[in-house]
Amino acid sequence: MLHDRLLVSTEGEAGERRSGGGIVIPATASVGRRLVWGQVMATGQHVRQAQVGDRVLFDPEERAEVELSGRDYILLRERDLHAIAQDETDEGGTGLYL
């Protein structure tokens, strides 16, 4: 990976979702612009915030797809990330940081 690029996998992230009330929303449902979660698989040398293994939130419209060893990945710039998830904390934080 070069510069500020991230290689992200979205396997296991897509599919059905549940609303707060427990209603199942199928993956084919048309929703407005929705951000997507993925896992960082590799980073370039100038990436400062994200690390391999982090779960990141990004806009699916701002991406380039690549296939490596028969698996599909997404190539992003670090600035295209909206959030990085972390484990829940006892301090009452949101568990997300930018």
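Start with the contacts of the whole chain: of those between residues at least 6 apart in sequence, 59% join residues at least 24 apart. Keep in mind as you look around that this is a predicted model.

Now colour by secondary structure. You will find nine strands and zero helices, so the pattern along the sequence reads β-β-β-β-β-β-β-β-β.

Next, switch on the surface. The accessible surface of the chain comes to about 7000 Å², and carbon and sulfur atoms account for 45% of that area. Of the 98 residues, 27% count as buried.

For a close look at one residue, select residues 5–9, which form strand 1, and pick out Ser9. Is Ser9 buried or exposed? Its relative accessibility is 6%, and because buried means under 20%, Ser9 counts as buried. To see what surrounds Ser9, leave out residues up to four places away in sequence and display Gly38, Gln39, Met41, Arg71 and Tyr73, which Ser9 touches.

Tyr73 is a handy stepping stone to the following stop. Select strand 6 (residues 64–68) together with strand 7 (residues 71–77). How do these two strands run? Strand 6 and strand 7 are antiparallel, and five bridges join them. Zoom in on Val66 and you will see Tyr73 of strand 7 standing opposite. While you are viewing strands, recall that side chains in a regular strand alternate between the two faces of the sheet.

Finish at the turn of this hairpin, where two residues lie between strand 6 and strand 7. Select Ser69 there and check its backbone: Ser69 takes a positive phi near 55°.

Key
Residues are numbered from 1 along each chain as its sequence is written. This is a predicted model: local features need pLDDT of at least 70, side-chain atom pairs count only at pLDDT 80 or more; totals for chains, interfaces and linings use all residues. Side-chain values use heavy atoms; hydrogens and water are left out. Helices (H or I, at least four residues) and strands (E, at least two) are DSSP runs, numbered from the N terminus. Buried means under 20% relative accessible area, exposed over 50%, partly exposed in between (1.4 Å probe, protein chains only). Contact means heavy atoms within 4.5 Å. Accessible areas come from the Shrake-Rupley method with a 1.4 Å probe; for residues, only the protein chains shown count as cover. Two strands pair if DSSP finds at least two bridges between them.
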